[in-house]
Amino acid sequence: MEILDLLEIVDVSRRFDAFLALDRVSLQIEAGEFFTLLGPSGCGKTTLLRLIAGFDQADGGDILLDGKSIIATPPEYRPLHTIFQNYALFPHMTVAENIAFPLRMAGCAKKEIQSRVGEALENVRLPDKAGKYPDSLSGGQKQRIAIARALVNRPRLLLLDEPLSALDAKLSEQMQLELINLQKDIGITFIYVTHDQSEALALSHRIAVMDHGRIAQVDAPSRLYGYPNSRFVADFIGKCNVLAGHVREQQGDCVTVELDGLGPVHVCRSETNFGVGSRCALTLRPEKIRIGRFSSIPGASDTMTSMSVADTVSPLGDESHFTGYVHDLLYLGDVTVYNVTLSNGILLETLLANSASGRTNFFEVGDRVEVAWSCDAGHLVLD
Amino acid sequence: MPAIWCWINTMRKTMQGKAWHKYLLSLPPMVYLLIFFAAPTLIMLFASFRYAGEYGGLAPWYLHEEGRLTLDLTLENWQRLLGTDIYLRLFLKSVGYAVMTTLICMVMGYPLALTIARSDRKSRDLLLLLVILPFWSNFLVRIYAWMIIFSPVGALTRMLNGLLDLVGGGPVTLMYSPTAMIICLVYVHLPFMVLPLYANLEKHDLDLLDAAQDLGAGKWRRFWLITWPLSLPGITAGSILVFIPVLGMFAIPDLLGGTNGIMIGNVIKQQFMESRDWPFGSVLSIVLTVTAVAVVLLGARLGQGRGGRG
């Protein structure tokens, strides 16, 4: 049986005067999916969400829900609800009246409204707040009431517009877990908008990274992190070293790249065919780079006496290997970030876990160090 | 009056908090209100139990030779008020004008305030300027202007009668009619309704309307379930600002109301200026003040509703 896409966005464009907010965007979102639109501010993610909700009209293209176009349907008749950034709870109504609102609009019987509001309050674990007014609730409670209100008449789709941005870090993390569990339990499709990449990685089944009104990449979080398809995605998702160069030769999925100023390295995880000589960029996550104390004879006996493997870098055949100086370091508690200047002046960000007891700093600024990464550590993108 | 209560309330709270500098800050307005509001009110209350003097004003206090002071206090003035229904009817008529003016101002001012509040920033300033533009010329001058417009040989009356003539209606006079009074009362007081309403509507979170629409509310339900209840404090404030001055209005009835158009304000003015019967004028003033305070309290209670949270 063919899996039907719940929501299909076909070639949607939106222009505000001279500014092209959405440029022929197409997306398919499956039923039951936790889908995230991720991008920097101004990338068009909120515009797209407002188009799906119906608050704004597209200049071109179509939006299909269950295979039927909803582009001409006003928001009040679309079977989907939005969680607003500031929750948009009605301040003059009690919590129970707020949750009852969509049921009242749908013309439900009083008795049914009462029982379903009670049920909804149970579900968000705030049954004692029914008679309270929104301004007496905390941020997290408002959030839960907004969710209860949006889900009480079981929409096909829930749109969430940066719902956690107003909460502090701890609460936001807790709400992330709640959102994941909630979505799993009720099975309603979530479309989530955020500029916070860590939030997106933690929550989503799939993420669409947006840039300047276009979709840069749509993928599962781990694919997005491990296999960014462009310099922009690599840069935007997590921290990433991007080293420019050109392709010298390719054999299957193994490519030899001449990095500008660094010389040849092997990259053995390439899925695309690069033409020999084409410009490319090696994207390298800081945690994939090993950093060690410089020794004149690589792989010499001091490895044996060292406290940890991190102390030296033993050169393996399939590793790329460079030396440099610690330019600066950032102690973050669990890890320390070292920025290493390589011989050609390129700054490379590396990461070292502080897990070894009694070791808060492995290296000091100015120390001569070696860095290395295996040939499957980096990912090659066209530049 | 509400200002005083407000001040007393603040003072009670500040005294508890022992924040004396705040108390000091409110001292000058308090002294001002004591001298020019509280004291005259008490004098008026006292005067309402006195006799009128032979040549107007209040009868003199008798100082007997042995130095004894006699105050001739009387309930005569209050009996005069209650002895006839003429003043009650005048009060009711004034309240009627005030209610009518307030309602018309609300019906006309609400869409105006809403339009201004929802327009873009640039035109908003211009529209607000237009609302307060009439304040740039004197109140009396504007009423004289209306007298010219309403006069039997004025353009408005002529045009109206010309149109009425076409459909076979008889000629009408606008001048010295209740219609003229209401038109002018609304004209003068409309900004007092529009400005507080605008101040309220402008602060509304438009996301609430989006949320209501998202949850299935059409245009009318969005207005009646969201915008209207949230604007109740603005409506209350505007209504009080219109109702109270209209209740005590004497200039417009004087100039436009004709012989049948007098309101309670005219009678009070007559008592003080023409009849020179200060005690009875005081009685009428006290009743007017009490009515106004009652309206404010009622309004404050209504405004305290959930709409106050907007």
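**Reading contacts and pockets**

Mentor: Let's start with one pair: the side chains of Glu76(A) and Arg222(B) form a salt bridge, at 4.0 Å from N to O. Keep in mind that this model is predicted.

Trainee: How many salt bridges are there between chain B and chain A?

Mentor: There are 2 salt bridges between these chains. Chain B and chain A also share 6 residue pairs in polar contact, counting pairs with both residues at pLDDT 80 or more.

Trainee: Which helices of chain B each supply at least two residues of the side that touches chain A?

Mentor: Look for helix H10, residues 206-214, and helix H11, residues 219-247. The most comes from H10(B), which gives 7 residues to that side. Sorted by kind, the residues with which chain B touches chain A are 9 nonpolar, 3 polar and 8 charged.

Trainee: How do I read the size of an interface, and about how much area do chain B and chain A bury between them?

Mentor: The general idea is that interface size is often expressed as the accessible area lost when the parts come together. Here, chain B and chain A bury about 2100 Å² between them, with 61% of it on carbon and sulfur atoms. You can also count residues: the contact takes 24 from chain A and 20 from chain B.

Trainee: Now for empty space. How much of it lies in the largest pocket?

Mentor: In general, a probe the size of a water molecule is rolled over the atoms, and this shows where empty space is left. In this model the largest pocket holds about 450 Å³ of space. It has 20 lining residues, and Asn123(A), Val124(A), Leu151(A), Leu182(A) and Ile186(A) are the closest to its centre.

Trainee: Which helices of chain A each supply at least two residues of that lining?

Mentor: You will find helix H3 (110-123), helix H4 (139-151) and helix H5 (169-186) there. H5(A) gives the most to the lining of the largest pocket, 7 residues. As for kinds, the lining of this pocket has 11 nonpolar, 2 polar and 7 charged residues.

Trainee: What about the second largest pocket: how much space lies there?

Mentor: That one has about 310 Å³ of space. Its lining has 15 residues, and those closest to its centre are Thr236(B), Ser239(B), Val295(B), Gly299(B) and Leu302(B). In chain B, helix H5 (86-118), H11 and helix H14 (278-303) give two or more residues each to this lining. H11(B) gives the most, with 6 residues. The lining of the second largest pocket divides into 10 nonpolar and 5 polar residues, with no charged ones.

Trainee: Back to salt bridges: what is the count over all chains?

Mentor: Over all chains, the count is 19 salt bridges. One to find is the pair Arg125(A) and Glu178(A), whose side chains meet at 3.4 Å, N to O. This pair links distant parts of chain A: Arg125(A) sits in the loop between H3 and H4, Glu178(A) sits in helix H5, and they are 53 residues apart.

Key
Residues numbered from 1 in each chain as written. Chains lettered and ligands numbered in written order. Predicted model: local features only at pLDDT ≥ 70, side-chain atom pairs only at ≥ 80, totals over all residues. Heavy atoms only, no water. Contact = heavy atoms within 4.5 Å. Buried area = accessible area lost by both parts, 1.4 Å probe. Polar contact = N/O pair within 3.5 Å; in protein donor to acceptor, adjacent residues only side chain to side chain. Helix = DSSP H or I, 4+ residues; strand = E, 2+ residues; numbered from the N terminus. Nonpolar A, V, L, I, M, F, W, Y, C, P; charged D, E, K, R; others polar. 1 Å grid on protein atoms, 1.4 Å probe; cavity = no way out; pocket = protein on both sides within 12 Å on 5 of 7 lines; lining within 4 Å. Points joined across faces, edges and corners; volume = space filled by probe spheres on them.
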